[in-house]
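Student: I would like to go through this model and ask, label by label, what each one rests on.
Tutor: Ask away; each value will be set against its cut-off.

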Amino acid sequence: MAFDGIVTNAVARELKDTLLLGKIEKIYQPESDELVFHIHTKKGNYRLYASSGSDHARIHLITENPPNPPVPLAFCMLLRKHLQGGRIIEISQKDSERIIEIVLETIDELGFSANKKLIFEIMGKHSNIILVDMRTGKIMDSIKRVSIDKNRARQLLPGKIYEYPPAQDKIPFLLLTRSQAERIEPDPKTLLNTIGGISPAVAQVLADSPDVYEKIEEIRRNLAGGHLSPRVYLKEDGSPGDFHVIPLETYPKQIEFDTVSEMLDYYFVHRQSSNRVKQKSSDLKKVLSSALNKLYLKRQRLGEDLLRAENSEKYRLYGELLTANIHQIPSGADSVTVTSYYDGSEVTIPLDPKYPPAKNAQRYFKKYGKAKTARKEKKIQMEETDQEIAYLESVSSFLETASSIDEVESIREELVESGYLKKRKSTGIQRKKKAQPFQYTTEDGFRILAGHNNKENDLLTFKMAGPKDYWFHTKDIPGSHIILFTEGKELTETAIFDAAAAAAYHSKGKSSENVPVDYTQVRYVKKPAGAKPGMVIFTHNRTVYVTPRLPGVDASS
């Protein structure tokens with residue numbers, strides 16, 4: 001990502017044009033590494049967002065409010081105490097570094113003017129947000145405290161004098177002269193190691209220019225005049241690959257924006273949503289993987305026990321043959337060969353010489369009885385294990401396709417209710433609990449709903465659907481319950497195949513072809529007593545084979 005000194009300069013200029021002399025009215029801390037400032041200016045009200053997250057550090061204006069915890073965190077409380085009501089009197093970039101400083105005029109407890117400085121360091125894993133008392137130069141606090149055991153060279157702790165990050169031995173981009181530029185070898189690596197404030201993508205742009213200094217001068221003029229080209233550059237799959245305020249040639253697809261803040265908001269929201277989902281779901285994936293591995297092992301051992309139990313018929317035969325030939329067997333023998341009256345074959349039966357023949361027969365009957373009981377119990381255990389595996393595989397499938405934090409949290413809640421997870425302490429952030437299934441319309445106008453998770457599957461099938469509506473699910477493959485609402489209309493072949501294709505799309509078989517999908521009327525779908533969420537039995541079903549797709553989307557696209 002290209003949040004370099006040039007982008008930082010563009011952000012600082014945009015914030016200065018928008019927020020200078022604005023008054024801070026509210027401060028929130030949605031996450032431990034995020035801040036949102038509500039700022040009132042003569043031009044209107046704005047929201048300033050800042051993050052010190054290692055993979056999503058940035059500062060820019062936003063339009064939507066992130067969810068806020070009901071109880072503010074300690075750093076948020078400190079900022080409210082010292083900055084709320086303060087007026088922004090200066091916004092600037094530190095040299096050509098990825099540091100933005102906002103100076104605020106505030107009033108202290110005694111009613112005297114006391115200027116404070118908020119410093120936003122946008123430096124990857126070392127990113128931070130620090131509040132400094134300008135009179136003393138001391139740190140009042142930082143969103144991430146850095147003690148000596150974390151960094152011997154530079155600590156960020158309350159009471160310490162604030163020091164800038166160590167300067168690199170580079171020429172600041174904004175201060176580079178022609179004579180200096182002419183002494184630099186015009187290849188990307190050398191430019192990157194010599195000029196401060198540029199990213200690898202910009203170094204490539206400079207290297208491809210006929211005159212490095214002229215290109216730098218052009219960028220500096222555009223920054224000063226506000227003639228920027230904020231763009232997000234997309235990968236082949238449409239996901240964000242990079243961004244910058246100057247044109248880059250590394251990506252064929254791009255989206256242009258009117259402001260730097262809009263560019264940054266789009267890039268990080270679309271990139272961060274998937275990263276956050278992965279981060280939030282990582283512990284759930286470990287829990288599911290561990291539980292499934294244990295169940296797979298249990299199933300294997302049950303299978304081995306069942307195989308041994310299936311072979312126990314010979315014990316019954318031994319007992320019967322010993323009883324039938326009891327008077328022909330000498331005491332103390334360690335084996336005997338007799339003729340089976342079932343098929344006339346010769347059968348050699350091992351004996352324990354310590355016991356008489358009758359006792360040996362009784363021992364074989366007892367072994368057979370135990371094996372018969374074990375076989376019955378093992379079959380029940382095997383069925384229960386298979387059901388549990390099917391349930392957890394379905395949860396795992398939903399977790400793999402989850403695209404939002406709300407979806408992940410609903411799956412977490414389901415696992416807590418099912419006893420696979422302990423309930424966590426509340427993060428304080430309230431999330432929506434109301435089910436919002438996927439909604440589609442078939443080519444001929446039938447409404448379709450698809451569940452995000454097993455709890456939503458149950459809600460769709462047993463609460464929202466009517467008995468004459470139709471239920472779809474991939475055959476022996478984890479996936480969503482799909483409900484096709486007939487609303488009194490006659491079911492069509494087009495609707496059947498559209499709904500079946502949607503069921504295949506919302507399943508683990510999404511990337512396959514000719515996926516089997518069962519369907520039946522909802523009245524034939526039942527939930528066994530004590531069954532896990534989403535687990536059902538059904539009858540009167542038919543099966544169709546489809547290629548996964550969503551209604552209205554060509555399967556070949």
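Student: Why is L21 called exposed?
Tutor: This is a predicted model, and every value is computed from it. L21 has a relative accessible area of 54%. The label "exposed" requires over 50%, so L21 is exposed.

Student: Where does L21 lie?
Tutor: L21 is in the loop between α1 (5-19) and β1 (23-28).

Student: What makes L21 eligible for a nonpolar surface patch?
Tutor: A patch residue needs over 30% relative accessible area, and L21 has 54%. L20, L21 and I89 together make a nonpolar surface patch of about 240 Å².

Student: Why is the contact of K117 and E101 called a salt bridge?
Tutor: The criterion is a side-chain nitrogen of Lys or Arg within 4 Å of a carboxyl oxygen of Asp or Glu. For K117 and E101 the N to O distance is 3.4 Å, so the pair satisfies the definition. The structure holds 22 salt bridges.

Student: What makes this pair a link between distant parts of the chain?
Tutor: K117 belongs to strand β7 (residues 113-121) and E101 to strand β6 (residues 99-107), and the two are 16 residues apart.

Student: How do you know whether K117 and E101 are buried or exposed?
Tutor: Buried means under 20% relative accessible area. K117 has 15%, so K117 is buried. E101 has 8%, so E101 is buried as well.

Student: What makes β6 mostly covered?
Tutor: Seven of the nine residues of β6 are buried.

Student: How do you know that β6 pairs with β5 and with β7?
Tutor: Pairing needs at least two bridges. Strand β5 (residues 87-93) is joined to β6 by six bridges, and β6 is joined to β7 by nine bridges. Both counts meet the cut-off, so both are pairs. β5 and β6 run antiparallel, as do β6 and β7. I91 has I102 in β6 as its bridge partner, while I107 stands opposite S113 in β7.

Student: Which residues take a positive phi in the two hairpins?
Tutor: In the hairpin of β5 and β6, with five residues between the strands, D95 has a positive phi near 50 degrees. The hairpin of β6 and β7 also has five residues between its strands, and G111 in the turn has a positive phi of about 90 degrees.

Student: Why are β13 and β14 called edge strands?
Tutor: They belong to an open sheet of three strands in the order β13-β12-β14, with antiparallel pairing. Each of β13 (240-244) and β14 (253-256) pairs on one side only. Neighbouring strands of this sheet are turned by 25 degrees against each other on average, direction ignored.

Student: How do you know that β12 pairs with β13?
Tutor: Strand β12 (residues 231-234) and β13 share four bridges in the antiparallel sense. At least two are needed, so they pair. One of the contacts places V232 opposite its bridge partner F243 in β13.

Student: Why are R412 and E409 said to be about one helical turn apart?
Tutor: They are three residues apart in helix α10 (residues 405-417), which means a separation of about one helical turn. Their closest N and O atoms are 3.5 Å apart, and they form a salt bridge. R412 and E409 are both buried.

Student: What makes K527 partly exposed and D458 buried?
Tutor: K527 has 31% relative accessibility; this falls between the limits of 20% and 50%, so K527 is partly exposed. D458 has 15%, under 20%, so D458 is buried.

Student: How far apart are the closest N and O atoms of K527 and D458?
Tutor: They are 3.3 Å apart, in a salt bridge. K527 lies in the loop between β22 (525-526) and β23 (537-538), and D458 in helix α11 (residues 454-464), 69 residues away along the chain.

Student: How do you know that the protein departs from a compact globule?
Tutor: A compact globule of 557 residues would have a radius of gyration near 24 Å, but the protein has 35 Å. The C-alpha trace spans about 115 × 65 × 60 Å along its principal axes. Buried residues make up 45% of the 557 residues.

How values were computed
Residues are numbered from 1 along each chain as its sequence is written. This is a predicted model: local features need pLDDT of at least 70, side-chain atom pairs count only at pLDDT 80 or more; totals for chains, interfaces and linings use all residues. Side-chain values use heavy atoms; hydrogens and water are left out. Patches are made of residues with over 30% relative accessible area and no salt bridge: like charges are joined within 9 Å, nonpolar side chains (Val, Leu, Ile, Met, Phe, Trp, Tyr) within 5 Å. Accessible areas come from the Shrake-Rupley method with a 1.4 Å probe; for residues, only the protein chains shown count as cover. Buried means under 20% relative accessible area, exposed over 50%, partly exposed in between (1.4 Å probe, protein chains only). Axes are lines fitted to C-alpha atoms, for helices over the stretch in contact, and angles run from 0 to 180 degrees between N-to-C directions. The radius of gyration is taken over C-alpha atoms; the globule rule is 2.2 Å times the number of residues to the power 0.38.
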